[in-house]
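Please describe how one strand of this model is placed among its neighbours, and how its two faces are covered.

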Amino acid sequence: MFVISHRGANRFAPQNTLAAFIKAAQLGADGVETDVRVTRDGHMVLCHNETVNGTSDGKGKVRDQYLGELFNYDFGSWFGGKFENTVIPTIDDFLGVMKENPVDILDIEIKPNKNENDFVERIIKKVREYGMIEKLIVSSFDEGILKKVKEIDSSVKTGYLYPSTVNWAVTKVFDPVKKAKEQGFDFLLPHSSYASKKLIDKAHEQGVKVACWTVNKLETLDKLYSWGADGVITDYPDIMKNKLESY
């Protein structure tokens with residue numbers, strides 16, 4: 001079972017910063033998860049939320065600001081004084097750091113972006129430039145994005161995230177395993193509360209792997225391990241890795 005560090009080692013350093021990703025690698029995480037958004041002038045940066053309000057001293061949506069404006073914000077002081085003046089990472093910063101601090105999995109979540117028609121293709125191209133395409137999993141709550149990934153390069157692994165606030169009802173009605181199989185998605189990435197042994201067995205029968213988010217309790221890890229889940233996404237990669245080594 002693999003362990004992916006959610007937004008880097010976000011309990012040790014500010015989420016989605018280079019310090020968090022370096023720490024995740026040091027803690028022995030099998031992979032890291034991050035979120036990519038596009039600035040007003042087309043640069044790709046790492047930020048989970050639509051706005052920078054909660055993770056910096058700035059305000060506003062990422063897509064409405066130029067990269068130079070974002071570089072003026074402090075993305076670390078909110079977490080702790082030693083991270084003062086932390087700069088928002090670009091995708092090149094992220095990939096460069098992960099090249100120097102290697103893990104097995106790069107889980108890049110892509111948010112829908114109406115401003116960028118070639119956003120998905122640009123991310124895949126960047127990862128390929130850094131020689132890490134075999135480590136990439138493109139994840140999204142948006143099926144259209146995952147379909148586009150497969151259209152661009154069918155060998156790139158994809159992960160279908162669910163449920164979200166807008167699709168939880170749909171997930172109840174439609175079969176996620178059937179959806180993944182029909183669309184050629186490689187992973188189902190359900191919230192841990194939506195996972196079951198039946199779901200995992202059914203997915204494996206169809207050649208689809210299952211990794212759950214956000215697994216922060218050891219009892220949840222125990223259950224998923226006993227059910228045969230392939231991986232977990234967690235805020236505590238060190239604790240989860242230590243537990244897995246004890247099985």
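## Strand E2 and its partners

In this predicted model, Glu 33 of E2 is the bridge partner of His 6. The path of the chain from E1 to E2 leads through helix H1 (residues 18–26), and the resulting β-α-β crossover is right-handed. The pairing of strand E1 (residues 2–6) with E2 is parallel and comprises three bridges.

Glu 33 also stands opposite Asp 107 in E4, a strand that spans residues 105–110, runs parallel to E2 and is joined to it by six bridges. With strand E3 (residues 44–46), by contrast, E2 pairs in the antiparallel sense, over three bridges, and here Val 36 is the residue that stands opposite Leu 46. E2 and E3 form a hairpin in which five residues lie between the two strands, and Gly 42 in the turn has a positive phi of about 90°.

The pairings of E2 are set out below.

| Partner strand | Sense | Bridges |
|---|---|---|
| E1 (residues 2–6) | parallel | three bridges |
| E3 (residues 44–46) | antiparallel | three bridges |
| E4 (residues 105–110) | parallel | six bridges |

Is E2 buried or exposed on its two faces? In a regular strand, side chains alternate between the two faces of the sheet. On one side of E2, Gly 31, Glu 33, Asp 35 and Arg 37 are all buried, and on the other side Val 32, Thr 34, Val 36 and Val 38 are buried too, so that both faces are covered. Because eight of the eight residues of strand E2 (residues 31–38) are buried, the strand is largely enclosed by the rest of the structure.

Terms used
Residues are numbered from 1 along each chain as its sequence is written. This is a predicted model: local features need pLDDT of at least 70, side-chain atom pairs count only at pLDDT 80 or more; totals for chains, interfaces and linings use all residues. Side-chain values use heavy atoms; hydrogens and water are left out. Buried means under 20% relative accessible area, exposed over 50%, partly exposed in between (1.4 Å probe, protein chains only). Helices (H or I, at least four residues) and strands (E, at least two) are DSSP runs, numbered from the N terminus. Two strands pair if DSSP finds at least two bridges between them. A crossover is right-handed if, with the strands pointing away from the viewer, the path from the first strand over the helix to the second runs clockwise.
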